[in-house]
Amino acid sequence: MNIKPLADRVLILPAPAEQKVGGIIIPDTAKEKPLHGKVVAVGNGTKDEEMILKEGDEVLYGKYAGTELEFEGTKYMIMRQSDVLAVLG
């Protein structure tokens with residue numbers, strides 16, 4: 001991974017959006033943005049906020065949290081650790 005988040009930011013690989021629901025195929029334009037994903041890189045934290053997330057954590061985040069970015073054909077989300085709502089598992 002060539003992206004290293006700074007300070008209290010984390011890089012998240014969003015889970016894929018649902019392709020079909022109950023046998024009905026959802027078109028790309030109607031799919032909702034996923035609200036969970038896997039942490040693939042973390043910053044070092046700040047002097048005021050210790051980094052508690054680690055690579056590999058499955059997390060939930062808010063609908064409008066973070067910034068979308070695309071790197072080498074893969075879409076990621078980058079956000080502050082405080083934008084993450086919960087760790088799954």
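**Notebook: strand 5, its neighbours and the salt bridges**

I looked up the partner of Val 59 in strand 8 and found that a bridge pairs Val 59 with Val 87. The model I am reading is a predicted one.

**Entry 1. Pairing around strand 5**

I followed strand 5 to strand 8, residues 84–88, and noted an antiparallel pairing over four bridges. I then turned to strand 4, which runs antiparallel to strand 5 and is joined to it by three bridges. On that side I recorded Lys 38 opposite Glu 58 of strand 5.

**Entry 2. Faces of strand 5**

Which side chains of strand 5 point to the buried face? I found Val 59 and Tyr 61 on one face, both buried. Glu 58 and Leu 60 point to the other face and are not buried. The side chains thus alternate along the strand.

**Entry 3. The nonpolar core**

I looked for Val 59 and Tyr 61 in the largest nonpolar core and found both among its twelve residues. The core also includes Val 10, Ile 12, Val 39, Val 42, Met 51 and Leu 53. I listed Val 59, Tyr 61, Ala 65, Met 77, Met 79 and Val 84 as further members. Strand 1, strand 4 (36–42), strand 5 (58–61) and strand 7 are the elements that give two or more residues to this core.

I next took Val 39 and listed its contacts, leaving aside residues up to four places away in sequence. Val 39 touches Leu 11, Ile 12 and Val 59, and also Lys 54, Glu 55, Gly 56 and Asp 57.

**Entry 4. Lys 54 and Asp 57**

Two of the residues that Val 39 touches, Lys 54 and Asp 57, also meet each other in a salt bridge, at 3.2 Å from N to O. I checked the accessibility of each partner. Asp 57 is buried, at 11% relative accessible area, whereas Lys 54 is exposed, at 51%.

**Entry 5. Asp 8 and Arg 80**

How many salt bridges does the model hold? I counted two. Besides the pair above, I found Asp 8 bridged to Arg 80, with the closest N and O atoms 2.7 Å apart. Asp 8 lies in the segment before strand 1 (9–14) and Arg 80 in strand 7 (residues 74–80), so this pair ties together parts that are 72 residues apart in sequence. Asp 8 is buried, with a relative accessible area of 5%. I noted Arg 80 as partly exposed, at 36%.

Technical notes:
Residues numbered from 1 in each chain as written. Predicted model: local features only at pLDDT ≥ 70, side-chain atom pairs only at ≥ 80, totals over all residues. Heavy atoms only, no water. Salt bridge = Lys/Arg side-chain N within 4 Å of Asp/Glu carboxyl O. Buried < 20%, exposed > 50% of the residue type's maximum accessible area, 1.4 Å probe, protein only. Core = buried A, V, L, I, M, F, W, Y, C linked by side-chain atoms within 4.5 Å. Contact = heavy atoms within 4.5 Å. Pairing = 2+ DSSP bridges.
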